[in-house]
Every structure is written in structure tokens, then in C-alpha cells.
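Reader: I am a first-year student and would be grateful for a close look at a single part of this structure. Please set that part in the context of the whole chain as well.

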Amino acid sequence: MYTRDWGADEELLLLEGLEVYGLGSWSDVADHVGGFRNKEEVREHYIKTYIESSKFPLPENAAPQDLSLVEEIPRETFQACKKRRIEKRKEDAKSAPPATPKQKPTASVPACHEVQGYMPGRLEFEAEFCNEAEEAVQHMQFDPGDGINPRTGELEPEMELKMLVMDIYNARLTARADRKKVLFTHDLLSYRANNNKDKKRTKEERDLNNKAKPFARMMNQHDFENVTANLEYEHNLRQAIAQLQDWRQMRIGDLKTGEKYEQEKQIRSQRPAPTSAFDRIGGVRVSKPTPPVETPSATTALTAPELPERFKPSITPHTTPSIAQAPTSSTSNPHDGTSTPTKGPLTNGNANVSATSSSQLKHKYSVPSLNGTTPLKLSNESTSDLHLLTKEEADLCSALRLMPKPYLVIKEGLIREAMKSGGGLKRKLAKEVCKIDPSKSTRIFDFFVHSGWIQKV
């Protein structure tokens, strides 16, 4: 026994409760001890018996040979006193008014507080400034007598390095403490209150306040609030001066006329822009938005009315070009009745010849169907970008079960590669560019060769 009113069993429960719940959780420790002990009684007993003892951390009567209290208070007397104390506190608890249900305090974890990541019980954040600062010193050890060379009496280089690392660590801790001081001094942790204040400010005042926040580290909260208030007052004065200058230009000489002018100005700004013909004559003409500038792609370049010279087929004197390859067309001269060959532009890799001759000699490309698959049904209602394809391309996509947009990407990639090599392309390279099933890429390559967009190498 260490005191007259605490038994050995209660002392063991007290130490066990402190080990489980931690020093400071006196309510939980008192519940663990039991015997109708309250938190003030448990806290006072621990401080007087253990903390204020001359043999700290042991109590005064901790020696095994010290049996003075055991001999002074017999066991039966101690148990009788304990029983009377428990019965008295039971009666007091019955006669006492009903208390509010006991609630444990909110755990000091980041998810239980107004500011996410802040733990007010520890005055720390989940992610501190220089959060990895402790990693440099976590495995560092300092033993007695280390660091001094016994021969020379000077500090060893290893100890100098350790002290330098400790100086860096202390500097980071100081910077961390300075930033916390700014948070606590300016009450920045009251997020809701500060947010309500910001909602009452105008957008210009909020921007001005945010620009002045870096100066908060150099002054206290009162001085910073005075500075921001003066800045807002200066901003409002500048706006009032600009308004008065505008009134002077409009020949407004009194405040009443100025208020009327501002009201009419606001009404005019809220009035919708005129759209009818009569409104455009009497009001402001609505300007059309500037169309965006589109960068031509490789596909657009090949489908343009005029192709580059290297994609136009050349005519040698020994060969007679077919209708699909002919770059020229004859135009009759009405004066002398002769026909003059004129170079015509190419579209989609084919010469622009008459529709009758082209339809007579150019046969339609039939897409071989894939084994075990049914063609895909494409329509303008269910398929986007279908209007960008020709009928032959739509049939190709239907047979190969390709949507228009992926097909256009494959088409642009193949034609871009063909332009790099002068219009020709190998079948193997086409398969690498398509990055799809080889059977599908082969059919697309054959279709492009048949259409004249690329040349088979």
C-alpha cells in the first residue's frame, strides 16, 4: 500500500489503465480502475503518489521492507472503509439528477475536424512542412564519448557531419514552427468563419486580400487586418474617383443625375443584343464570331482540289495513260477547232475527268468479307461521322466492322506515311501503321491502292 485509501489492486489497475489509454485520459483510466473513482481523484492520486515523490518514478513507500501502512491499517478495516465509500457513492449517484450521456472526445485524426489533415489534439498536421526532415536523423546515434579523438582532442569528421545534419534538421523544424505560428496567430484554422467573411467581400476585394497574404508572416493578426482594410478602402476610393471622372466626361454635375445615369447604364448592359432586321438598323450590329483556323491534316492535303506535283502521275511518250491515271483533259478551242491538253487537278488520287468516261472504265472495288463475321449496319442516325465517308468507304467499314472515326484515323496515318516516301507504301508497313487485325489492314491497304490514294511498293 502506498496511501491509506488506495489498495494494491487499485494501484495495479491504475498503472494498467495508464499503459492502455495513455497519460492524460483520466476518464478512461478512472473507468478502468472502477470502485466509483472519478477522473479528478485518479489524477490527483497519481500526481501526489508518483510525480511528486522524492523517489520518482517510484512512490515513497515502494521499498519491499516498508510495511508501515500495512501494519497501521488492518485488512478488515481497509475493506470496511472501501465498502462504505462505494455504498455512499452509489446512493449519491441514485439521488443525483440524470446526467447527459457520456461521450468520448473526438479523436484527433485528420478526418474528424474542420480543416482536413489537422489534428488539434497534437497541434500537428498530417503532412507537415518538410515532412521528410526526420528521415535524415531517424537512425542517428550519439553515444557517450563519441566524436572526440583521444589522441588529438579534436572533433572527428564523422561527428562534424552528424552535427551538420542536426543543424539542418533544426533549421527545418524552426521553419515548420514559424509556419504554424502564422496559422495560429492569424486564426487561419477557422475555415468556416474565414470563408463566411470572404463571401461578404466582392471579387476585387478577395483578389486584393489574397495578394496581401504573403505579408501576413511579417505582422500579427491585428496589423494585417488593418492593412487589408486600408487596401480595400483605397481600392474603393479609386473606383469612386474613376466613376466621378466618367460622370464629368458625360457632363453630369450632381449626384442625383449620376445615380440615374448608372441605373440606365446597368439596364442597357442587361438588355439583350438586337437580332431582328429593324433592331440591327437602329442598334448595334451583331458581329459574327471569327471561325477557328483549322490546320490541314495529311488527309485534307490529299483530298484537296490541287495535289502536290509529286503525287501527279507523269506521262511518258511511250505509254498511253488510262482514264484513271490521266492528268490531262482536252478542251476544244472555239476559234480554230483544235483541242488543247490541259492539266487537271487530282482528287482522292484520281484524275478529274468526265463522269461518263470514269464510270465506264473504273470498276467498283468489292470488299472481301471476313470469315465468320456479319457486316456492320451503319446509318446516319446511329453512327456519327458517317457523312464524312464515301459510299465505297462506308461499304468497306461495314464489311470490316469498323466505325467511321477509327477508320479516318487509320486513313490519315496511311496517307501520311505514303507522303513521306513519295506516295508509295509497303503492305508490311501498312499493317504496322493500322495496329489492327492483319486481315482488316490488308483489305484497307488493297482498297487504298485500288482508289489510287497510295501506290503499292
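**The smaller core and its setting**

Author: In this predicted model, buried residues make up 23% of the 457 residues in the protein chain. The chain contains 17 helices and eight strands. Of its contacts between residues with a separation of 6 or more, 53% join residues that are 24 or more positions apart. In soluble globular proteins, nonpolar side chains tend to be buried together.

The largest nonpolar core serves as a point of reference. This core has 22 residues, and those with the most contacts inside it are Tyr407, Leu414, Ile444, Phe447 and Phe448. Two or more residues each come from the helices α14 (391–400), α15 (404–420), α16 (427–434) and α17 (438–451). Leaving aside residues up to four places away in sequence, Tyr407 touches Leu389, Glu393, Leu396, Cys397, Phe447, Phe448 and Trp453. Separate from this group is a second core of 10 residues, which includes Trp6, Val29, Val42 and Tyr46. The second core is the part I propose to examine closely.

A convenient place to begin is Leu14, which lies in helix α1 (residues 8–21). Because its relative accessibility is 0% and the limit for burial is under 20%, Leu14 counts as buried. Its contacts, not counting residues up to four places away in sequence, are with Trp6, Val29, Val33, Val42, His45, Tyr46 and Tyr50. Among these partners, Trp6, Val29, Val42 and Tyr46 belong to the second core. One further partner, His45, shows how the fold brings together residues from separate stretches of sequence: Leu14 and His45 are 31 residues apart in the chain, while their C-alpha atoms are 9.8 Å apart in space.

Arg37 offers a charged counterpart in this region. It is placed in the loop between α2 (26–33) and α3 (39–51). Is Arg37 buried or exposed? With a relative accessible area of 6%, Arg37 is buried, since this value is under 20%. Its side chain has polar partners there. It reaches the backbone oxygen of Asp5 at 2.7 Å, and a polar contact of 2.3 Å links it to the side chain of Glu41. Beyond residues up to four places away in sequence, Arg37 touches Asp5, Trp6, Glu10, Ala30, Val42, Arg85 and Arg89. Trp6 and Val42 in this list are also contacts of Leu14, and they are members of the second core. The surroundings of Arg37 thus include charged residues such as Glu10 and Arg85 alongside nonpolar ones such as Trp6 and Val42.

After helix α3 the chain shows an unusual backbone feature. Most residues other than glycine have a negative phi, and most peptide bonds are trans. Phe56 and Pro57, however, are joined by a cis peptide bond with omega of about 10 degrees. Pro57 is in the loop between α3 and α4 (68–72).

Exceptions of the other kind occur further along the chain. Asp187, found in the loop between α6 (157–185) and α7, has a positive phi near 55 degrees. At 37% relative accessibility, Asp187 counts as partly exposed. Its side chain is joined to that of Ser190 by a polar contact of 2.9 Å. Ser190 lies in that loop too and is partly exposed at 22% relative accessibility. The C-alpha atoms of Ser190 and Val115 are 7.9 Å apart, although 75 residues separate them along the chain. Lys435, in the loop between α16 and α17, also has a positive phi, near 60 degrees. In contrast with the buried Arg37, Lys435 counts as exposed, because its relative accessibility of 73% is over 50%.

A pocket completes the comparison with the core. The second largest pocket has a volume of about 580 Å³ and is lined by 21 residues, of which Leu188, Asn194, Asn209, Lys213 and Phe224 lie nearest its centre. Helices α7 (191–200) and α9 (221–249) each supply at least two residues of this lining. Whereas a nonpolar core is made of buried nonpolar residues, the lining of this pocket comprises seven nonpolar, seven polar and seven charged residues.

To return to the part under examination, the second core of 10 residues is touched by Leu14 at Trp6, Val29, Val42 and Tyr46, and by the buried Arg37 at Trp6 and Val42.

Terms used:
Residues numbered from 1 in each chain as written. Predicted model: local features only at pLDDT ≥ 70, side-chain atom pairs only at ≥ 80, totals over all residues. Heavy atoms only, no water. 1 Å grid on protein atoms, 1.4 Å probe; cavity = no way out; pocket = protein on both sides within 12 Å on 5 of 7 lines; lining within 4 Å. Points joined across faces, edges and corners; volume = space filled by probe spheres on them. Helix = DSSP H or I, 4+ residues; strand = E, 2+ residues; numbered from the N terminus. Core = buried A, V, L, I, M, F, W, Y, C linked by side-chain atoms within 4.5 Å. Buried < 20%, exposed > 50% of the residue type's maximum accessible area, 1.4 Å probe, protein only. Contact = heavy atoms within 4.5 Å. Polar contact = N/O pair within 3.5 Å; in protein donor to acceptor, adjacent residues only side chain to side chain.
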